[in-house]
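Trainee: Got a minute to go through this one with me? I'd like to start with the strands.
Mentor: Sure, put it up.

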Amino acid sequence: MIAGRSRSSRILSNVGLYAAISLYLIFALFPIYWTLKIAVTPQSLLYSEGITLWPSQTTFENFGTVLRATDFPRYFMNSVVVSVTTALLVTVIATLAGYAMSRFAFRGKATLAILLLLTQTFPLVMVIPPIYRIMGQLGLINSLTGLIIIYTAFNTAFATFLMQSFFDGIPRDLEEAAMIDGCTRAQALRRVIVPLTLPGMGATLGFVFTAAWSELLFALMLISSDAQKTFAVGLLTFIGKFAVDWGQMMAASIMALIPVCIFFGFLQRYLVTGLTAGAVKG
Amino acid sequence: MASVTLDKVEKNYGAVQVLQQVDLQIADGEFVVLVGPSGCGKSTLLRMIAGLEEVSGGAIRIGERLVNDVAPKDRDIAMVFQSYALYPHMDVRKNMGFSLLLKKTEKSMVETRVGGAAKRLGLDTFLERLPRQLSGGQRQRVAMGRAIVRDPKVFLFDEPLSNLDAKLRVHMRTEIKALHQQLKTTSVYVTHDQTEAMTMADRIVVMHDGVVQQVGAPLDLYDKPVNMFVAGFIGSPGMNFVSATYAKAGNAILSDGQTLRLPDGLPIEEGAPLSVGLRPENIAITQQGGWRARVEVIEPLGLSTQFYVTLGEQLICVFAMGRPEVKVGQEILLTIDPAAVHLFDPETGRRIGA
């Protein structure tokens with residue numbers, strides 16, 4: 001009896017768990033589904049069919065138009081350049097800074113940590129005017145380099161804390177053992193610590209890439225020339241004076257999702273945890 | 001192989017002094033154990049020899065060479081960590097061969113050395129495994145193997161057996177000792193376990209609060225501890241300390257009025273307080289005469305028995321071979337071998353007399 005009851009209550013709690021997860025997934029993924037639905041709906045059916053879960057006819061015409069007749073491919077490439085460069089730069093800087101924060105005691109460390117934290121506390125809108133002025137003086141308005149510099153600056157703080165926590169999770173004994181085995185500190189970092197931090201670096205890379213990829217505020221403020229627009233800004237070009245071209249806009253949005261998916265698909269194997277299992281203790 | 005010389009070595013963290021003027025001469029091929037309670041500075045001292053901690057004062061020499069400012073990698077030492085510190089992303093073969101790889105040793109040579117060490121430690125069938133696929137004992141062996149492969153001047157061990165279960169610990173203790181007898185490499189071994197120290201060491205260094213208390217062969221420390229700390233730390237079950245007063249004619253009077261005959265000619269004034277150190281095995285249960293005591297706890301170990309008895313108001317431990325027929329609550333009589341009595345000044349803790 002007791003066993004039967006505990007079994008049924010276990011099943012019940014499993015059902016509850018899956019129901020909760022399903023609800024969350026539906027809520028989170030529905031906008032993406034709706035984007036896809038509109039992207040494949042022919043222009044003629046968009047308003048005439050009313051609200052349906054799937055159109056009676058589908059078409060890929062919107063995708064074709066976006067690729068052939070708009071500047072979207074260029075925006076897309078601009079975004080790739082900005083996001084990949086930012087992600088790489090931030091990961092390298094945050095890895096080195098995170099390692100220092102995790103392993104060394106140095107003058108002003110606490111102050112530095114507080115200053116880094118401070119950069120995360122105020123709304124970005126507040127800093128746009130001064131940044132616009134600075135970038136103007138430097139001739140970096142309407143420039144992808146300008147965007148990369150800003151994104152790198154604003155993502156480094158968080159990424160540093162993220163990397164620091166990964167380094168904190170790796171026992172010091174390991175690099176000390178490596179240093180006794182014949183490594184310099186730099187060699188110990190490269191040959192022993194970095195291989196173990198790859199999941200962390202992967203997570204940082206993915207996080208920064210996504211942040212840069214979907215950033216709109218700075219891109220909108222600093223970029224006005226068509227040649228330098230990122231896709232997030234580019235999406236706005238589908239909003240015309242008199243009409244919004246929903247089909248093309250959604251098609252472009254779906255295509256913009258692809259690199260993020262590929263990126264995470266590629267990183268997934270680095271995001272497995274437990275790589276350090278077996279390093280210490282039994 | 002080489003000797004290790006510590007000359008007035010000091011370590012400070014800011015204003016906190018963790019090691020005071022440590023002088024120690026470790027001979028070539030000697031197995032020296034640093035022992036003491038946690039926080040006594042033994043691990044810090046070992047890490048200073050390894051080059052993992054900076055030296056605040058004094059000099060450390062390996063062989064004739066001053067190594068104070070030499071990087072760990074250039075000291076030609078090997079260290080076994082308490083946590084083993086195996087590289088998780090490398091298999092056993094790579095873990096053991098890593099140091100040789102860094103020295104750009106020829107590949108065939110690396111194979112031979114790793115193979116030899118693996119065979120010696122019974123690891124030959126595990127060479128392709130990752131550390132996480134090994135048991136605690138096997139990981140410990142890999143850590144040992146990594147040290148052996150290098151054929152260093154000095155082996156450093158930082159509580160290498162603390163993470164093993166009791167049975168395996170005893171086994172590995174014997175193995176490490178046997179290994180040292182084969183290789184004869186100078187070894188410095190840190191532990192908080194006095195049994196490990198007694199069983200493995202050529203010489204023991206007892207440390208407390210950053211100060212070396214006594215250096216000597218295991219049995220010398222056992223028989224002639226220089227102070228109450230060493231006396232209490234070395235030996236298990238530990239030495240009993242009974243408070244007493246020195247009376248005329250060479251007697252010690254216990255708090256409850258019972259007396260103990262002491263050797264003549266002790267440099268003590270009449271009426272001075274004493275701490276009488278008695279090893280549990282030097283107290284015997286007798287039928288007549290001696291001290292009266294009451295049995296409180298009996299711990300039968302099969303081969304021997306430990307009794308905890310109250311003598312006056314003090315609880316002391318008595319060790320007897322076999323299984324004496326004694327019950328809890330019983331009044332018994334105890335005799336003490338006067339030659340085995342240790343006397344200490346309760347104020348300074350120092351040994352009195354020879």
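**Strands, core and contact**

Mentor: Start with a pair in chain B. Strand 17 (residues 304–311) and strand 18 (residues 314–321) run antiparallel, joined by 8 bridges. Keep in mind that this is a predicted model.

Trainee: Which residue is the bridge partner of Val309(B) in strand 18 of chain B?
Mentor: Ile316(B).

Trainee: And what sits between strand 17 and strand 18 of chain B in the hairpin?
Mentor: There are 2 residues between the strands. Look at Gly312(B) there: its phi is positive, near 65°.

Trainee: Which sheet do strands 17 and 18 of chain B belong to?
Mentor: An open sheet of 5 strands in chain B, in the order 15-19-16-17-18, with antiparallel pairing. Strand 15 (283–286) and strand 18 of chain B are at the edges. Each has a single partner strand, so one side of each has no neighbour in the sheet. From one strand to the next, the twist averages 50°.

Trainee: How many bridges join strand 16 to strand 19 in chain B?
Mentor: 4 bridges, between residues 291–300 and residues 331–336, and the two strands run antiparallel. One partnership puts Arg294(B) opposite Glu331(B) of strand 19.

Trainee: What about the sheet with strand 13 of chain B?
Mentor: That is an open sheet of 5 strands too, in the order 13-12-11-14-20 of chain B, and the pairing is antiparallel. Its edges are strand 13 (259–261) and strand 20 (342–344) of chain B; each has a single partner strand, so one side of each lacks a neighbour in the sheet. The twist averages 40° from one strand to the next.

Trainee: How is strand 13 of chain B held to strand 12?
Mentor: By 3 bridges, with strand 12 covering residues 251–254 and the two running antiparallel. Ala252(B) has Leu260(B) of strand 13 as its bridge partner.

Trainee: Which elements of chain B have the lowest and highest mean pLDDT?
Mentor: Strand 13 of chain B is the lowest, at 85, and strand 3 (residues 31–35) of chain B is the highest, at 97. Across chain B the average is 92, and 100% of the residues score at least 70. For the model, ipTM is 0.86 and pTM is 0.81.

Trainee: New topic. Which residues touch the most other members of the largest nonpolar core?
Mentor: Val33(B), Met79(B), Leu156(B) and Val188(B), in a core of 146 residues. Take Val33(B): leaving out residues up to four places away in sequence, its contacts include Tyr189(B), Thr191(B), Met200(B) and Ile204(B).

Trainee: What share of chain B is buried?
Mentor: 39% of its 354 residues. Chain B has 8 helices and 20 strands. Its C-alpha trace spans about 75 × 45 × 35 Å along the principal axes.

Trainee: How many residues does each chain put into the contact?
Mentor: 26 residues come from chain B and 22 residues from chain A. On chain B, strand 6 (77–80), helix 2 (92–102) and helix 4 (136–149) each supply at least two residues of the side touching chain A. That side of chain B divides into 16 nonpolar, 6 polar and 4 charged residues.

Trainee: Last one, on chain A. Where does Thr65(A) lie?
Mentor: In helix 3 (residues 61–69) of chain A. Thr65(A) is partly exposed, with 17 other C-beta atoms within 10 Å. Val260(A) is 195 residues away along the chain, and the C-alpha atoms of Thr65(A) and Val260(A) are separated by 22 Å.

Technical notes. Residues numbered from 1 in each chain as written. Chains lettered and ligands numbered in written order. Predicted model: local features only at pLDDT ≥ 70, side-chain atom pairs only at ≥ 80, totals over all residues. Contact = placed C-beta atoms within 7 Å. Nonpolar A, V, L, I, M, F, W, Y, C, P; charged D, E, K, R; others polar. Pairing = 2+ DSSP bridges. Axes fitted to C-alpha atoms, helices over the stretch in contact; angles between N-to-C directions. Core = buried A, V, L, I, M, F, W, Y, C linked by C-beta atoms within 7 Å. Buried ≥ 20, exposed ≤ 12 C-beta atoms within 10 Å, placed from the backbone. pLDDT = per-residue confidence, 0-100.
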